[in-house]
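Thank you for making the time this morning. I would like to walk you through one structure, and I will ask you to keep the view open while I talk.

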Amino acid sequence: MKKIFGLLLSLMMLVACQDDGRKELMSQPKQEKLPDSIQVLKGDFVYGADAAVIRGENFVYGVTLDSMSKKLAEEIAPLKSDDFGMVPVTVKAKIVPNPEQEGWKEVIEIQQILKIPESISEKDTIENKKKDKE
């Protein structure tokens with residue numbers, strides 16, 4: 001009888017001790033929710049031989065030279081009046097730190113091309129420049 005009582009007492013102590021450890025394991029700290037780095041950006045895009053830039057109302061980002069930026073450059077090529085002409089575009093892009101550490105602190109990787117104008121008339125660009133100056 002004493003052996004059974006001792007065994008039950010030992011079992012109860014083991015079970016009681018395990019609950020405390022389990023509670024500590026179950027209550028892990030909550031992770032902070034990071035903001036989504038994929039954003040829709042509207043701005044003027046220019047593509048050169050060794051650099052690309054998108055400029056919006058309150059931002060300027062360098063663009064990584066990959067297949068998506070080259071595709072966008074090909075699509076806007078007929079709309080440009082000269083090599084350095086900027087064309088308004090809307091893209092979905094991921095903002096990442098610049099690995100080269102030259103120029104911009106952050107660059108974008110274009111994920112999806114959302115909107116490209118069908119044509120740009122000189123009248124539209126002159127009116128936009130007047131609005132920008134005011």
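I will go through the strands, then the helix and the core, and finally one pocket. Please keep in mind throughout that this is a predicted model.

Let me begin with the overall arrangement of the strands, which form a closed barrel of 5 strands in the order E1-E2-E3-E5-E4, with mixed pairing. From one strand to the next, the twist averages 55 degrees. As a general reminder, strands of a sheet pair through backbone hydrogen bonds, and they can do so in either the parallel or the antiparallel sense.

If you follow strand E1, which covers residues 38-47, you will see that E1 runs antiparallel to E2, with 4 bridges joining the two, and that a hairpin of 4 residues makes the connection between them. Within this pair, Val46 stands opposite Val53 of E2. E1 also pairs with E4, again in the antiparallel sense, and here there are 8 bridges; one place to find this pairing on your screen is Asp44, whose bridge partner in E4 is Pro88.

Where, then, does the parallel pairing come in? It is found between E3 and E5, which pair in the parallel sense over 2 bridges, and you can locate it at Gly62, whose bridge partner in E5 is Val107.

Turning now to the helix, H2 spans residues 67-76 and lies across E1, E3, E4 and E5, running at about 50 degrees to E5.

Which residues have the most contacts inside the largest nonpolar core? That core has 21 residues, and the ones with the most contacts inside it are Phe45, Ile54, Leu72, Val91, Ile108 and Ile110. The elements that each give two or more residues to this core are the strands E1, E2, E3, E4 and E5 together with helix H2, and the largest share, 5 residues, comes from E4.

Finally, I would like to point out the second largest pocket, in which about 290 Å³ of space lies. This pocket is lined by 17 residues, and those closest to its centre are Val63, Thr64, Asn98, Glu100 and Val107. The elements that give two or more residues to its lining are E3, E4 and E5. Val107 therefore deserves a second look on your screens, being both the bridge partner of Gly62 and one of the residues closest to the centre of this pocket.

Methods:
Residues are numbered from 1 along each chain as its sequence is written. This is a predicted model: local features need pLDDT of at least 70, side-chain atom pairs count only at pLDDT 80 or more; totals for chains, interfaces and linings use all residues. Side-chain values use heavy atoms; hydrogens and water are left out. A nonpolar core is a set of buried Ala, Val, Leu, Ile, Met, Phe, Trp, Tyr and Cys residues joined through side-chain atoms within 4.5 Å. Buried means under 20% relative accessible area, exposed over 50%, partly exposed in between (1.4 Å probe, protein chains only). Two strands pair if DSSP finds at least two bridges between them. Axes are lines fitted to C-alpha atoms, for helices over the stretch in contact, and angles run from 0 to 180 degrees between N-to-C directions. Contact means heavy atoms within 4.5 Å. On a 1 Å grid over the protein atoms alone, a cavity is a set of points where a 1.4 Å probe fits but cannot get out, and a pocket is an open set with protein on both sides within 12 Å along at least five of seven lines; lining residues have an atom within 4 Å of a point. Grid points are joined across faces, edges and corners, and a volume is the space filled by probe spheres set on the points.
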